[in-house]
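Work through the exercises below with the structure beside you, and try each task before you read its solution.

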Amino acid sequence: MAQKSSLPVPRGVPLLAVLLLPYLVTGVELVINNNSNNSQILYTKPGSKEFLWCTVRNNSKEEELSWYRDDGTVMLKDGNKMNTSNICISPVSETDSGVSFICKLVRDQSIQITVTLDVQYPPSITGEDPLPAEEKSDVTLTCNVNSNPQATMVWYKDNSNLTLEKDRHQIYQTSNVFQLSIKKVQKSDNGTYRCEATSALGEDRKEFHLRVEDKKPVFPLEAIIAAVVVVLLTVIFGIVARRERIFKCCKKVKETRSETAL
């Protein structure tokens with residue numbers, strides 16, 4: 001008959017110690033909100049209130065706890081440190097996304113547990129209309145996108161899908177920027193451009209109005225004409241101002257010639 005295996009119990013060991021042996025072998029651990037996973041993710045949304053409860057398990061004595069927000073210490077009241085400790089995050093904001101809260105055992109900080117916030121919200125777009133652009137110049141339209149999860153981005157022109165030309169259009173995208181660059185704009189590029197962001201939580205859009213103007217000459221004709229007119233007027237006014245003096249000089253020369261003839 002097979003024998004049942006068991007841990008050897010030394011002689012003279014009290015019965016209570018034998019009963020506690022499984023807990024002593026297991027060791028102290030921490031749980032947050034009854035979850036022992038060491039790297040937890042808490043999905044939430046802006047404006048909500050979140051409570052995090054950290055509890056010591058398998059401890060044979062009272063244990064002091066501490067909390068950290070990333071690398072910064074969270075201040076706790078005296079009655080909120082022993083065996084069980086909680087913190088409240090209220091209100092949750094978009095900037096809290098990615099922030100980690102760590103609960104640690106004070107006597108041995110290698111015993112710890114972490115919760116990271118994932119704050120989710122629908123897309124929101126901002127941006128400014130470009131200034132009027134001259135023909136053959138380059139234009140960039142920029143959508144600033146704030147979204148979690150990351151949104152899918154699309155460009156439209158005059159309510160139709162934008163047809164990208166390989167040599168003239170370029171799209172640049174990061175997690176929060178969506179840009180359309182147009183090289184050497186033409187009159188045909190005039191119109192309304194729309195940037196759209198879509199995620200599982202919603203969508204947003206932003207319109208840009210592009211106006212392409214005639215290219216100005218390198219030497220403005222109007223400025224040259226104005227300068228010539230100013231010079232001519234200056235000469236004319238100068239002649240008019242000196243006209244009387246010129247006439248007197250001419251009269252004096254004539255009189256001198258008449259006296260010489262006599």
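The exercises that follow deal with cores, single residues and a surface patch.

The model is predicted, so local features need pLDDT of at least 70 and side-chain atom pairs count only at pLDDT 80 or more, whereas totals for chains, interfaces and linings use all residues. Residues are numbered from 1 along each chain as its sequence is written, and side-chain values use heavy atoms, with hydrogens and water left out.

**Exercise 1.** Find which residues of the largest nonpolar core touch the most other members, and which strands supply this core.

Solution. Begin with the term: a nonpolar core is a set of buried Ala, Val, Leu, Ile, Met, Phe, Trp, Tyr and Cys residues joined through side-chain atoms within 4.5 Å, where buried means under 20% relative accessible area, exposed over 50%, and partly exposed in between (1.4 Å probe, protein chains only). The largest core has 21 residues, of which Leu30, Ile32, Leu52, Cys54, Trp67, Phe101 and Cys103 touch the most other members. Next, look at the strands (DSSP runs of E, at least two residues, numbered from the N terminus): β1 (29-32), β3 (50-57), β4 (65-69), β6 (84-89), β7 (100-105) and β8 (112-119) each supply at least two residues of this core. The largest share, four residues, comes from β8. A second, separate core has 20 residues, including Ile125, Met153, Leu180 and Tyr193.

**Exercise 2.** Decide whether Lys157 is buried or exposed, and find what its side chain reaches.

Solution. Lys157 lies in strand β12, and because its relative accessibility is 19%, Lys157 counts as buried. The side chain of Lys157 reaches the backbone oxygen of Asn190 at 3.2 Å. If neighbours within four places in sequence are left aside, Lys157 is in contact (heavy atoms within 4.5 Å) with Leu162, Ser188, Asp189, Asn190, Thr192 and Tyr193.

**Exercise 3.** Place Asn159 in the chain, and decide whether Asn159 is buried or exposed.

Solution. Asn159 is found in the loop between β12 (152-157) and β13 (160-161), and with a relative accessible area of 64% Asn159 is exposed. Although Asn159 and Gly191 are 32 residues apart in sequence, their C-alpha atoms are 10.0 Å apart in space.

**Exercise 4.** Locate Ile236, and name the residues that make the nonpolar surface patch of about 740 Å².

Solution. Ile236 has its place in helix α2 (residues 221-261), and Ile236 is partly exposed, with a relative accessible area of 47%. The patch is made by Ile224, Ile225, Val228, Val229, Leu232, Leu233, Ile236 and Phe237; patches here consist of residues with over 30% relative accessible area and no salt bridge, with nonpolar side chains joined within 5 Å, and a salt bridge is a side-chain nitrogen of Lys or Arg within 4 Å of a carboxyl oxygen of Asp or Glu.

Conventions: Patch = residues over 30% accessible without salt bridge, like charges linked within 9 Å, V, L, I, M, F, W, Y side chains within 5 Å. Areas by Shrake-Rupley, 256 points an atom, 1.4 Å probe, with all protein chains shown as cover. Polar contact = N/O pair within 3.5 Å; in protein donor to acceptor, adjacent residues only side chain to side chain.
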